[in-house]
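Dear colleague,

Here is the structure I said I would pass on. My notes follow below it.

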Amino acid sequence: MSDARSPHTPPHPYHLVSPSPWPAMGALSAFILAFGAVQWWHGSSPLILAGGFLMVLTTMAVWWRDVIHEANVDRAHNDVVRHGLRVGMGLFITSEVMFFVAFFWAFFNSGFLVNPSIKQWPPAGIEPLETWGIPFLNTLILLSSGLAVNWAHHALRNGDRRDLKRGLALAVCLGIVFLSLQAYEYIHSPFGFHEGVYPSVFYMATGFHGFHVFVGVCFLSVNFFRALAGAFTPEQHVGFEAAAWYWHFVDVVWLFLFVWIYWWGA
């Protein structure tokens, strides 16, 4: 029996990506961003940090462009590939969970007085932030943004494109408000990064969460503009699902930060 497949049809359902410079560029950008941040924390100019940040944004933009091209133009995202993308996103979020576990471990190691050099928590001279001020307001904002993402997802699955765009726009706006309030909180914080273990762990944990919120806002914004362009169907919207999963992960991490660092830790 002759094989009816085209000579250009691969003998498997998987998508083998073409060679891409973006993974290497992403790694270099992250290194420059981290190096610039360390230099800035030690009193140097923030130019290296800003350059690394711009490189990260550029890498995100061009890599997203290529993945969207694979899905919409190359039609490479069949059922098997979409399943792999979902599994990959799930494993990525799992790795991110362990990333934050390290910060909570450092916080609890000091907060439960496991470290013999620490006699009280918070340490003497540290004035914790008001739990029921901006932190609580940001909790309500972030949880509301999660509800907005769920609203958009429900609308998409029911073919309601108007509410899909409304929900995404609302989630993006709430994410921006969250970041703005966190920046205001940092500017007016009564303690600095160098003032001991409490400030160091506080800024590392909440700061990296803020960076994840920023990435999530970018992720949702990409989906918003794709929705405006007519992308996504009730049957095929892996890109939206990945953004929604990531945003809910950010929500859950913030709940742990609020309960343990802002409330219990104070």
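I begin with the surface: α4 (134-157) and α7 (238-264) each contribute at least two residues to a nonpolar patch. Please keep in mind that this is a predicted model. The patch covers about 490 Å² and consists of W132, F136, L140, V259 and W263.

W132 sits in the loop between α3 (79-111) and α4. Its relative accessibility is 49%, so W132 is classed as partly exposed; the exposed class would require over 50%.

As for the overall fold, the protein has seven helices and zero strands. Its order along the sequence is accordingly written α-α-α-α-α-α-α. Along the principal axes, the C-alpha atoms occupy a box of roughly 80 × 40 × 35 Å.

On packing, the protein has 266 residues, and 39% of them count as buried. Taking the contacts between residues at least 6 apart in sequence, 76% are between residues at least 24 apart.

The accessible surface of the whole protein is about 14800 Å². Carbon and sulfur atoms account for 69% of that surface.

Last, the charges. There are 12 positive and 15 negative side chains in the protein. The centres of these two sets are 9 Å apart.

If you open the model, the patch residues to select are W132, F136, L140, V259 and W263.

Regards

Technical notes: Residues are numbered from 1 along each chain as its sequence is written. This is a predicted model: local features need pLDDT of at least 70, side-chain atom pairs count only at pLDDT 80 or more; totals for chains, interfaces and linings use all residues. Side-chain values use heavy atoms; hydrogens and water are left out. Patches are made of residues with over 30% relative accessible area and no salt bridge: like charges are joined within 9 Å, nonpolar side chains (Val, Leu, Ile, Met, Phe, Trp, Tyr) within 5 Å. Accessible areas come from the Shrake-Rupley method with a 1.4 Å probe; for residues, only the protein chains shown count as cover. A salt bridge is a side-chain nitrogen of Lys or Arg within 4 Å of a carboxyl oxygen of Asp or Glu. Helices (H or I, at least four residues) and strands (E, at least two) are DSSP runs, numbered from the N terminus. Buried means under 20% relative accessible area, exposed over 50%, partly exposed in between (1.4 Å probe, protein chains only). Contact means heavy atoms within 4.5 Å. Lys and Arg count as positive and Asp and Glu as negative; His and the chain ends are not counted. The place of a charge is taken as NZ of Lys, CZ of Arg, CG of Asp or CD of Glu.
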